[in-house]
Amino acid sequence: MSWLSEQEAKQKRQTDIGPPNYKEMLPPVIAKNYGKWKYHEVLTPGHMVHVAESGDKVYTVRVAGPRLLSTASIRELMDIADKYCDGYIRWTTRNNIEFMTTKEENVALIKKAAQDIGFPSGGIGNGISNMVHTQGWIHCHSACTDASGLVKAIMDELFPYFNEKQLPAKTRLALACCVNMCGAVHCSDIAVVAIHRKVPVIDHDLVKNMCEIPTTVSSCPTRAISPDPAKKSIKINPDKCMYCGNCFTVCPPINIHNPEQDGVAIVVGGKVGSLRKGPMFSKLAIPYIKNNPPRWPEVVEAVKNIVDTYAKDAKKNERVGEWIDRIGWEAFFKKTGIPFTFQHIDDFTFARDTFRTSAAFKW
Amino acid sequence: MKKYETPLLDELEKGPWPSFVKEMKRAAATNEMANDELGQVEKSYRDKRGYWKHGGIVGVLGYGGGVIGRYSSIPDEFPGVAHFHTFRINQPSGMYYKTDRLREIMDLWDKYGSGLTNMHGSTGDMIMLGCRTEALEPLFAETSSRGWDLGGSGSALRTPACCLGKSRCEWANIDTMDLCNELTQAYQDYLHRPAWPYKFKFKIAGCAVDCVASIARADCSIIGTWKGKIAVDQAAVKDYAKGGMNIQAEIVDMCPTGCMSYNGSELKIDDENCSRCMHCISKMTKALKPTGERGATILIGAKAPIVVGSLLSWVVVPFIKMEPPYTEFKELVEKIWEWWDDNAKPRERIGELIEIKGMRAFLEAIGVEPQAQQVFEPRKDPFFFWKEEDLK
Amino acid sequence: MEKEELKDKIFAFVQAAKGKKKLKEKDIIKGVSAETGESADNVKKAMREMIDVGKLMYSYGGGSSSVEIPSEEYLREKGMIQ
């Protein structure tokens, strides 16, 4: 690419132009049949075909993406697109990469070319697609676990569900490296969310200089924070603090990080589609597992246990949340062997809707 | 360039799933910033904690978003990540790319940044991960002169996102990619200049399958739907049965409204009782097709749990036509923003404000009538407001 | 009111809040509009012009965005001062 001089760049600098128009980015077969698709079929977990009213067919090969990609790898992926897909490539909302071709014979070639550079195909249909995740220690000040590492370890273990084995329904996994949850972690079939367990430590001198006291006080959802006029700072009532870290977001000198106590919780049973039962939040299955990098074996094992129990017990087309609704949470804890603790009983905003008001339940 | 030993991260190069460590090492081979990033992340793995400071005040001239300041808290040890800012480039709707256009971005990023990216961030932008403050203006000049622009951040409209809609999906009831592009272009000012109490997100799904998770994470969720019957192709139904599908168990028994019946050869739908959930259509796409008027359901208020619990979006407008230039929808959205902007405290999302002020106040402000489709059930308590006009 | 005079008022308004309160765009528009009798639209336009040339800048902290007077460091980086 030819570079602009500083002068030229300044002259050509534009604002508020928005992204390039999507129409410029569409493969010809997509542009031609836009809005005129008839049906599609999943042929393997790694590829599908869409058939248009015109009779045109487009084959899509989906490959796993780590989300964190180097420019070098993106260039190699584009080389594949140039060779087999007329120079077009696409990413999915779950960070997978898609190659589209009108030639069925290209499917195997694309799969092999992508596998050769480390990107296996899969993720379509009733299996486990890519795990949506956040930034973690790679790039976030708020992270209380890593994101990419946990995802790598979990997806290595569940890999057969990505590229060959089927589950009763599609199963969406996600990971958030703190409770801010950049991503729809709170409505996933199985999600890992990092949590704190200790009251933050306040650097009063810095609070005085860096933070607005009223804003900090009002940032607390449980009213655990009050002003400390003597120190021109704030104080925290430890009995009320539930370690959400919102105070840390508005006032950085309130340090909530605690490497020995921070860890992850596992929540299950969420979904976003309105199909059958409608969208659902994920609910707490395991309140805490310690951080154990680089491969978090305890978390991997816990997720696998839930997936395996679901795979054995659910009916066809039942998502994790629908399966648990049918069998009951008491049965979920029994079947998975996960202990039920005080942390599972809600004492926050939505508590009263969760207490059982019926004499019917299972042993 | 310093060579870092990374015994912990090396463990994450093993296994079949693509390795982010391999990606970091590839970039680190030629890029000082990526190299120090690798070193710092290894240290995080050793110490079980991150080493980033809170965001700082950086950006391109005139904009209040699109760049997120990021500084290492231990820059003496890792000078390459002393500055490591995020540069968000607004993705084209649907995340299709022509490779020659995407190569431009790669060239720019190799020249000015770390060579590391996220394809894509949670909101939908291409995330360019790590550059120095002084690189921002030249990088933006080059980026914008080639027809690309920044996405949103801060208390602003966030980059709208959509499913791929009509481009490759037979279920799309609305042209999600066109609407996404149109909203992005129409509201550039709100996207680049944070003027609001907090963030505001649009996500657009072509049907109730909701492949962009709009209902869980957008302040304004736009979900395509229809008003007519579901057309049944009985020959195709027979093919599904022949192919091994247990239509009674997998389709009819799982219909949430019980509006389907199957006698072993013919599938019948009582359309009046159908809630258009998409279960049957998604499983028997060759046999079942919506017909009649198309449009969208507008739902408002979803957000993650910070700070008093997660919200899913609530149905506000059960049905609205969604055709260019989308005037009716834009007028609605502008009324929503006005009410929110006038009434919300700092860092209050629209869903939280509706909870505080009441759904009635919100509906009245935006001129939407009460409709039974907006609720699962009416209230249980006997405490309700009467206004003077209700008494007439 | 002349635009330059309005800009001075805006600048003074932001300066007065420095170190006390983080101002959002809306705070400035409302405040200066009430103070000067200028329309909200005019204040907004003038403020935006100031932001475009680095007389004011957007800032971010504590989880939300605000408008501030730029630091010397920022102006140097943008080539506004040597």
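## Cysteines

A residue is called buried when its relative accessible area is under 20%. In this predicted model, Cys211(A) and Cys251(A) are both buried. The two are joined by a disulfide, with an S to S distance of 2.1 Å, and the structure holds one disulfide over all chains. The link between Cys211(A) and Cys251(A) is right-handed, with 85° about the S-S bond. Cys211(A) sits in the loop between α6 (204-210) and α7 (213-218) of chain A, and Cys251(A) in the loop between α8 (246-250) and β13 (254-255) of that chain, so the disulfide ties together parts 40 residues apart in sequence.

Cys187(A) takes part in no disulfide; its nearest cysteine sulfur belongs to Cys211(B), 15 Å away. Cys187(A) is buried, at 4% relative accessibility. In chain B, the sulfur of Cys180(B) has its closest cysteine sulfur in Cys162(B) at 4.0 Å, which is too far for a bond, because the cut-off for a disulfide is 2.5 Å. Cys180(B) is buried as well, with 1% relative accessibility.

## Interface of chains A and B

Chain B contributes 122 residues to the contact and chain A 116 residues. About 10,700 Å² is buried between the two chains, and carbon and sulfur atoms give 60% of that area. On the chain B side, the residues that lose the most area to chain A are Trp17(B), Lys48(B) and Arg168(B), which together make up 9% of what that side buries.

Polar links across this interface include eleven salt bridges. One salt bridge between the chains pairs Asp107(B) with Arg75(A), at 3.0 Å from N to O. There are 71 residue pairs in polar contact between chain B and chain A, counting pairs with both residues at pLDDT 80 or more. Helix α4 (residues 99-112) of chain B gives the most to its side of the interface, with twelve residues. By class, the side of chain B that touches chain A has 53 nonpolar, 33 polar and 36 charged residues.

## Ser153 of chain B

Ser153(B) lies in the loop between α5 (136-145) and β6 (161-162) of chain B. This serine is buried, with a relative accessible area of 5%. A polar atom of its side chain is 3.0 Å from the backbone nitrogen of Gly66(B). Beyond its neighbours within four places in sequence, Ser153(B) contacts Gly64(B), Gly65(B), Gly66(B), Val67(B), Ile68(B), Arg88(B) and Arg158(B).

## Salt bridges within helices

Over all chains the structure holds 57 salt bridges. In chain A, Lys304(A) and Asp308(A) form one of them, with the closest N and O atoms 2.9 Å apart. These two residues are four apart in helix α9 (residues 297-313), a separation of about one helical turn. Lys304(A) is partly exposed at 24% relative accessibility, and Asp308(A) is partly exposed at 24%.

In chain B, Asp47(B) meets Lys43(B) in a salt bridge at 3.7 Å, N to O. Both are in helix α3 (residues 32-47), four residues and about one helical turn apart. Asp47(B) is partly exposed at 26% relative accessibility, whereas Lys43(B) is buried at 14%. In chain C, Arg76(C) pairs with Glu72(C), the closest N and O atoms being 2.9 Å apart, and both lie in helix α4 (residues 72-77) of chain C. Arg76(C) is partly exposed at 42%, and Glu72(C) is exposed at 53%.

## A salt-bridge network

A network of salt bridges links Asp16(A), Asp189(B), Arg193(B), Glu25(C) and Arg48(C).

Definitions and conventions. Residues are numbered from 1 along each chain as its sequence is written. Chains are lettered from A and ligands numbered from 1 in the order in which they are written. This is a predicted model: local features need pLDDT of at least 70, side-chain atom pairs count only at pLDDT 80 or more; totals for chains, interfaces and linings use all residues. Side-chain values use heavy atoms; hydrogens and water are left out. Buried means under 20% relative accessible area, exposed over 50%, partly exposed in between (1.4 Å probe, protein chains only). Contact means heavy atoms within 4.5 Å. Buried area is the accessible area (1.4 Å probe) that two parts lose on being put together, summed over both. A salt bridge is a side-chain nitrogen of Lys or Arg within 4 Å of a carboxyl oxygen of Asp or Glu. A polar contact is a pair of N or O atoms within 3.5 Å; within protein, one must be able to donate a hydrogen and the other to accept it, and residues adjacent in sequence count only if both atoms are side-chain atoms. Ala, Val, Leu, Ile, Met, Phe, Trp, Tyr, Cys and Pro count as nonpolar, Asp, Glu, Lys and Arg as charged, and the others, Gly among them, as polar.
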